[in-house]
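Reader: I'd like to learn how to read a fold like this one, strand by strand. Can we go through it together?

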Amino acid sequence: DQVAPSPDGSVVYAFSNRLTAQFGHTDGEQFFSVNLASGALTTLSTWYWNDSGIATPWVALEGFFDITPDGATLVVSSRGLHCVSTISISTGEVTLLAGVCDSSHTHGSQPAAVDGFGTNARFDSPKHVAVSNDGNTAYVLEQLRESRVRSIDLSTGEVAELFLIGPADSAVWDLQISNDDSVLYYAYSFWGSNAMHIKAYNLDTLSGTTVSGTGGGNIYSHL
């Protein structure tokens with residue numbers, strides 16, 4: 001579950017995957033907004049899982065999102081379906097941006113993570129999303145076999161790996177971008193480790209630094 005404010009601060013958007021036993025379905029997920037002045041709640045998109053475990057439509061399973069700076073679009077990653085979509089805030093229309101929504105981790109014979117345009121790209125459990133302040137790029141933190149950050153050109157749908165963070169036993173939390181679009185920040189550790197590090201990756205120099213950190217542990221990263 002996640003919440004995020006609109007760029008003008010008037011609305012809070014939220015995702016919930018806790019809808020259960022409604023309309024004859026066993027489980028479901030929903031994006032909705034709350035107007036902070038009136039308290040009015042508006043449902044943007046809802047989908048339910050049937051007894052076969054298939055969502056209609058396929059939009060998100062364990063969804064993460066960010067909002068474009070014009071406040072018009074949610075960019076949504078689906079960790080469980082390995083794809084990235086957009087949701088129009090005005091109409092609720094869902095559009096597949098990149099990848100193929102598929103609950104398997106291997107996409108049949110396809111490798112788990114592949115760069116490319118639109119549906120030619122493949123994701124490996126995409127999680128946190130950060131949209132650049134110029135509205136041109138979405139950065140997606142991906143974590144299953146390895147942890148990495150990939151970029152999506154929002155006008156063309158081109159997906160490209162930006163940098164590798166660590167192996168499968170690494171744990172990465174959140175992804176944020178600086179106001180000038182020059183630095184990505186994320187928190188990094190190993191599962192079961194007491195080591196926690198805040199990392200910064202400079203998008204101009206393509207290099208990274210550790211901003212702060214506590215505990216021990218061997219950090220597998222180019223940073």
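Reader: Let's start with cross-strand pairs. Which residue of strand 14 does phenylalanine 117 stand opposite?

Author: Phenylalanine 117 faces glutamate 158 in strand 14. Keep in mind that this is a predicted model. That pair belongs to a ladder of two bridges, where strand 10 and strand 14 (residues 158-166) run antiparallel.

Reader: Okay, and in what order do the strands of that sheet come?

Author: Read across the sheet and you get 10-14-13-12-11, five strands with antiparallel pairing in an open sheet. Strand 10 (116-117) and strand 11 are the edges: each has a single partner strand, so one side of each has no neighbour in the sheet.

Reader: Is strand 11 mostly covered or mostly exposed, then?

Author: Mostly covered. Six of the six residues in strand 11 (residues 126-131) are buried, and buried here means under 20% relative accessible area. So don't read "edge" as "exposed": the edge label for strand 11 is about having a single partner strand.

Reader: How many bridges hold strand 11 to strand 12?

Author: Four, with strand 12 (residues 137-143) antiparallel to strand 11. One pair to look up is proline 126 with glutamate 142 in strand 12. The hairpin of these two strands has five residues between them, and glycine 135 takes a positive phi there, near 75 degrees.

Reader: What should I expect of phi in general?

Author: Most residues other than glycine have a negative phi. Now for the case here: serine 125 has a positive phi near 55 degrees. Serine 125 sits in the loop between strand 10 and strand 11, and counts as buried because its relative accessible area is 3%.

Reader: Where is aspartate 181, and what is its phi near?

Author: Aspartate 181 is in the loop between strand 15 (170-177) and strand 16 (183-190). Its phi is near 65 degrees, again a positive value in a residue other than glycine. With a relative accessible area of 18%, aspartate 181 is buried too.

Reader: Let's move to the sheet with strand 6. What is the order of its strands?

Author: The order is 6-7-8-9, four strands in an open sheet with antiparallel pairing. Strand 6 (63-67) and strand 9 (94-99) are the edge strands, each pairing on one side only. From one strand to the next, the twist averages 25 degrees.

Reader: How many bridges join strand 8 to strand 9?

Author: Five bridges join them, with strand 8 covering residues 83-88. For a pair to click on, try threonine 86, whose bridge partner in strand 9 is threonine 95.

Reader: Is valine 75 buried or exposed?

Author: Buried, at 1% relative accessibility. Valine 75 lies in strand 7 (residues 73-78). Valine 75 is eleven residues from phenylalanine 64 in sequence, while their C-alpha atoms are 8.3 Å apart.

Reader: How do side chains sit along a strand in general?

Author: In a regular strand they alternate between the two faces of the sheet. For a look at individual side chains, take lysine 199 in strand 17 (residues 196-202). Lysine 199 is buried, at 2% relative accessibility, and its side chain makes a polar contact of 3.3 Å with the side chain of threonine 210.

Reader: And which residues make the nonpolar surface patch?

Author: Tyr185, Ile198 and Val211 make that patch, about 240 Å² of surface. Valine 211 is in strand 18 (residues 207-214), and is partly exposed at 48% relative accessibility.

Terms used:
Residues numbered from 1 in each chain as written. Predicted model: local features only at pLDDT ≥ 70, side-chain atom pairs only at ≥ 80, totals over all residues. Heavy atoms only, no water. Pairing = 2+ DSSP bridges. Axes fitted to C-alpha atoms, helices over the stretch in contact; angles between N-to-C directions. Buried < 20%, exposed > 50% of the residue type's maximum accessible area, 1.4 Å probe, protein only. Polar contact = N/O pair within 3.5 Å; in protein donor to acceptor, adjacent residues only side chain to side chain. Patch = residues over 30% accessible without salt bridge, like charges linked within 9 Å, V, L, I, M, F, W, Y side chains within 5 Å. Areas by Shrake-Rupley, 256 points an atom, 1.4 Å probe, with all protein chains shown as cover. Salt bridge = Lys/Arg side-chain N within 4 Å of Asp/Glu carboxyl O.
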